[in-house]
Amino acid sequence: MEISRAALANNFRICRSKAGSAAVMPMIKADAYGHGMLECAGIFAAEGAAAFGVAETREGILLREAGFDQPVYVLVGVLPETVHEIIHYGLTPVIVDSAILPELSRQALKCDANVGIQIKVDAGMGRQGILPEDVPGIIRRINELPGLYLAGVMAHFPMADDVESSNTLDVFARFQSVTGIIETNNRRQPLLHIANSGGLFHFASTRLHMVRPGIALYGCYPEGEPHLELGGGKQLEPAMRFLTKVIQVRTVPPGTGLGYGQTFVTGRRTCLAVLPVGYEDGYLRCLSNRAEVLIHGRRVPVVGRVSMNLTLVDITDIKEEVHRGDEAVLLGRQGEEQITADQLADWMNTISYEVLCLLGNLNTRYYID
Ligand SMILES: *Cc1c(COP(=O)(O)O)cnc(C)c1O
């Protein structure tokens, strides 16, 4: 798994310029969508990341232990057993109900800390968070409890990848009806943030004080293909390439069944390249007889079942001779051709996010550029 630092930096710069005056908090959960959390945090910090977004407390601790001192938002909420660590490591608690507040206050006092609380509003995601009508009560509770203050209010868009839908602006309006009340009632201006990559790229009015791009930083467009025009020749660059090498080249006669289930029978004398990759590496079985791989800059089809450790591709139509040791690209660019995460996702009936997490986190990464 080859990860390009230059691509990550390029993508951050594009997000930063799109963000205008808003701060940028890169989302680096799931080991930075399979790209390696600490490496990515270093690159984004050097490019001006204002904070980092993770899902879980343990990720925040890893960042602190590696020396990152930016705010780190723990976005799935605060669990009772993590309150002490959140405060001890100076992580930013995101709360999804009021139940945890007394414990946060108790631990804040114990550590002699004044802890800024972020509240997650359910403005239409319907997954997690505080309903708009309950927000004033929660804020009152935060203001009552010693050691706590309201530092920010956030929500999340469920459909910002759908440019045509009115959902994003509806959710945004609901969010603003909540934050409007807060802004008039609170002395200290809380940080307001809602935009993911889709919001940042397609709904400029939603940028507020901070944006939280994830997928765009890793070089994929939230809406998948077709790509949107960024202007100035700027393009998001996929940062991940998944490579292997041909371990054997063999020719079989017409009528040969290939692999488990014999799901492919050759109709001609067929030249095959054997690749040492399989579902164990996240190259899932549903890619059987479906996906394509790049060899010598050409697309060649996967034939037969992908098995645990082996995959076959049909190289009969490649004019140049293929040899053992030749590079095969399962994701990313080779020569003029490219297999994008969206394309692979399409073959796997999923989205680029899942492809990046799966392949990135199952395989050994090395960094270039
Ligand atoms: C993952 C996540 C994001 C980033 O979403 P992308 O679509 O990858 O840009 C933003 N905000 C929250 C709360 C998230 O969990």
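**Note on the predicted protein–ligand model**

1. The side chains of D314 and R268 are joined by a polar contact of 3.2 Å. The model in which this pair occurs is a predicted one. D314 belongs to strand β17, which runs over residues 311–314. With a relative accessible area of 9%, D314 is below the 20% limit and therefore counts as buried. The D314 side of this contact is thus a buried strand residue.

2. On the overall layout: the protein chain contains eleven helices and 20 strands. Its C-alpha trace spans about 80 × 40 × 35 Å along the principal axes. Of the 369 residues in the protein chain, 53% are buried.

3. Where does the ligand sit? The ligand is placed in the largest pocket. The residues around the ligand are M27, K29, Y33, M154, H156, N196, S197, R212, P213, G214, I215 and Y353. Sorted by class, this shell holds six nonpolar, four polar and two charged residues.

4. Three short distances to ligand oxygen atoms deserve a check by eye. A polar side-chain atom of S197 is 2.5 Å from an oxygen atom of the ligand. For Y353, a polar side-chain atom is 2.7 Å from an oxygen atom of the ligand. I215 takes part through its backbone: an N or O atom there lies 2.8 Å from an oxygen atom of the ligand. The ligand taken alone exposes 390 Å², and the protein buries 91% of that area.

5. S197 can be followed further. This residue is found in helix α9, which covers residues 197–202. Is S197 buried or exposed? Its relative accessible area is 3%, so S197 is buried. Apart from the ligand, the side chain of S197 has a polar atom 3.2 Å from the backbone nitrogen of G214. Both S197 and G214 are among the residues that surround the ligand.

6. The loop between α9 and β9 contains L208, and strand β9 covers 210–211. L208 has a positive phi of about 50 degrees, although it is not a glycine. Most residues other than glycine have a negative phi. The relative accessible area of L208 is 27%, so this residue is classed as partly exposed.

7. F203 is also found in the loop between α9 and β9. Its relative accessible area is 9%, and F203 is therefore buried. F203 and F172 are 31 residues apart in sequence, while their C-alpha atoms are 9.8 Å apart in space.

8. A positive phi also appears at D369, with a value of about 60 degrees, and D369 is not a glycine either. Where in the chain does D369 lie? D369 lies in the segment after β20, a strand that covers 366–368. At a relative accessible area of 61%, D369 is over the 50% limit and so counts as exposed.

9. Strand β4, residues 72–74, includes V74. V74 is buried, given a relative accessible area of 0%. Along the chain V74 and T57 are 17 residues apart, and 6.0 Å separates their C-alpha atoms.

10. I86 is placed in helix α5, residues 83–88. The relative accessibility of I86 is 0%, so this residue counts as buried. How far apart are I86 and C15 in sequence and in space? In sequence they are 71 residues apart, and in space 28 Å, C-alpha to C-alpha.

11. H296 lies in the loop between β15 and β16, strands that cover 292–295 and 298–301. A relative accessible area of 27% lies between the 20% and 50% limits, which means that H296 is partly exposed. The C-alpha atoms of H296 and V322 are separated by 7.9 Å, and the two residues are 26 apart along the chain.

12. Items to look at again in the viewer are listed here. For the ligand, they include the 2.5 Å distance from S197 and the 2.7 Å distance from Y353. For the backbone, they are the positive phi of L208 and the positive phi of D369.

Key: Residues numbered from 1 in each chain as written. Predicted model: local features only at pLDDT ≥ 70, side-chain atom pairs only at ≥ 80, totals over all residues. Heavy atoms only, no water. Near = heavy atom within 4 Å. Polar contact = N/O pair within 3.5 Å; in protein donor to acceptor, adjacent residues only side chain to side chain. Areas by Shrake-Rupley, 256 points an atom, 1.4 Å probe, with all protein chains shown as cover. 1 Å grid on protein atoms, 1.4 Å probe; cavity = no way out; pocket = protein on both sides within 12 Å on 5 of 7 lines; lining within 4 Å. Sits in = over half its atoms within 2 Å of the grid points. Nonpolar A, V, L, I, M, F, W, Y, C, P; charged D, E, K, R; others polar. Helix = DSSP H or I, 4+ residues; strand = E, 2+ residues; numbered from the N terminus. Buried < 20%, exposed > 50% of the residue type's maximum accessible area, 1.4 Å probe, protein only.
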